[in-house]
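Me: I am new to this structure and would like to understand its pockets and the helix packing around them. Please take me through that part slowly, and explain each term as it comes up.

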Amino acid sequence: MAVSAGTLTTPMARWLVSPPADPPYGTSGSRRVGADDVAAVRATLHMFESLDHQFGGGHARTAAVQYLSDAVTPLLHASYTDAVGRELFSVAAQFTYKTGAMAYDVGLHGLARRYFVQALSLAHASGDRPLGGKVLALMSHQANYLGECQESVDLARAAALGAGSRATPRVRAMYAAMEARGLASIGDKRACLRMMKQAEANFAQASGADEPDWIGYFDLAELQDELAHCFTALRSPRNAEQHATLALGQSSDLHPRSRTFCRISLATSYLDAGDVPRACDTAAEAAAAAGRIKSARVRKYVRMFDRRLNDFGRQRSITDFRERARTILAVAS
């Protein structure tokens, strides 16, 4: 079932105004949860994150859902100390939003939002405000993708406001980047540029030792990719090309989905600059990788680029791109 971004207003508001969470007391269950149990969940989470980045949300989503249900949820109903309980609820929140992100990636948007709302509740129970902000940032990312751009801005702002001074520089950079993407989609160039500068300034202040484990994905390549997306939305091809090129130079082959998104941004920058052959060659590279990734978002990016080509007639380079990308375009249609 579809779930509009407007339905997220209530859980967002509750999270913003809620008092600090009490420790997640766990005394009723017969099973005793310890640090080793939490470490096992965290290691499994990292495995699913890696699979998601490499092969798309459709590759292991079903297995992640089953592990969340069969292995993680029972731990929440066991017994544990306050310290272990906070760590347990934190990693459960991360596993839940990762499962939601997989659903988002394959186009199950209503389901994804239900996971995100649950993850926000778990993050609050853990007492980790920046982690709750991370969940709202994911909601912002999805809302922007679905064209709910003002809601995207609101969710990103709520993330930063709710986390406040507890957020580390890299986390604040991520929040700012999400707000910038929403502002770019709205077309508010001045505010978008301001938030992009804020994201870069916050990122420059970050020191890895003090950053939470869950923000590790937001490295320099990820930041540059977010900036490239912003400039693509603002139809600023030179800046989009610059940041997309930097992102591709910094990114790892272990993240082919991110590299595919970035290549489409780069191809779009060439298209906006009028270099159709170069745009088509770059997009064809992205399409070749997209065929191996189980991601509705990737297919949509390729399809959107293909639609843009309708404005440029029947050039040979366009025909060649469509021939090289015919498999992914057929799946996307």
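The reply below starts with the pockets and then turns to the helices.

Reply: Happy to help! This is a predicted model, in which local features need pLDDT of at least 70 and side-chain atom pairs count only at pLDDT 80 or more, while totals for chains, interfaces and linings use all residues. Residues are numbered from 1 along each chain as its sequence is written, and side-chain values use heavy atoms, with hydrogens and water left out.

Let's begin with the largest pocket, whose volume is about 900 Å³. (A pocket is an open set of points on a 1 Å grid over the protein atoms alone, where a 1.4 Å probe fits, with protein on both sides within 12 Å along at least five of seven lines; lining residues have an atom within 4 Å of a point. The volume is the space filled by probe spheres set on the points, which are joined across faces, edges and corners.) The lining has 39 residues, and those closest to the centre are His-53, Tyr-217, Glu-222, Arg-257 and Ser-258. Several helices give two or more residues to this lining, among them H2 (35-55), H4 (82-105), H10 (220-233), H12 (256-272) and H14 (296-308). (Helices are DSSP runs of H or I with at least four residues, numbered from the N terminus.) By class, the lining of the largest pocket holds 15 nonpolar, 10 polar and 14 charged residues. (Ala, Val, Leu, Ile, Met, Phe, Trp, Tyr, Cys and Pro count as nonpolar, Asp, Glu, Lys and Arg as charged, and the others, including Gly, as polar.)

The second largest pocket has a volume of about 600 Å³. Of its 22 lining residues, His-229, Thr-232, Ala-233, Tyr-301 and Met-304 are the closest to the centre. Two or more lining residues come from each of H6, H8, H10, H12 and H14, and H14 gives the largest share, 5 residues. This lining divides into 9 nonpolar, 8 polar and 5 charged residues.

H14 also has a packing partner. The axes of H13 (residues 276-290) and H14 come within 10 Å and cross at roughly 155°, and that makes the two helices roughly antiparallel. (Axes are lines fitted to C-alpha atoms over the stretch in contact, and angles run from 0 to 180 degrees between N-to-C directions; under 35 degrees is roughly parallel, over 145 roughly antiparallel, 65 to 115 roughly perpendicular and the rest oblique.) From H13, Ala-279, Cys-280, Ala-283, Ala-287 and Ala-290 meet Val-298, Val-302 and Phe-305 of H14. (Contact means heavy atoms within 4.5 Å.) The residues of this contact are 8 nonpolar, with no polar and no charged ones.

H4, which we met at the largest pocket, packs against H3 (residues 57-76) at about 155°, with the axes 9 Å apart. H3 and H4 are therefore roughly antiparallel. Their contact includes Ala-60, Arg-61 and Leu-68 of H3 and Phe-89, Phe-95 and Asp-105 of H4. In this contact there are 14 nonpolar, 3 polar and 2 charged residues.

Finally, H1 (residues 9-17) and H5 (residues 109-126) pack at about 10°, with their axes 10 Å apart, and are therefore roughly parallel. Here Pro-11, Met-12 and Trp-15 of H1 meet Val-117, Leu-120 and His-124 of H5, giving 5 nonpolar, 1 polar and no charged residues.
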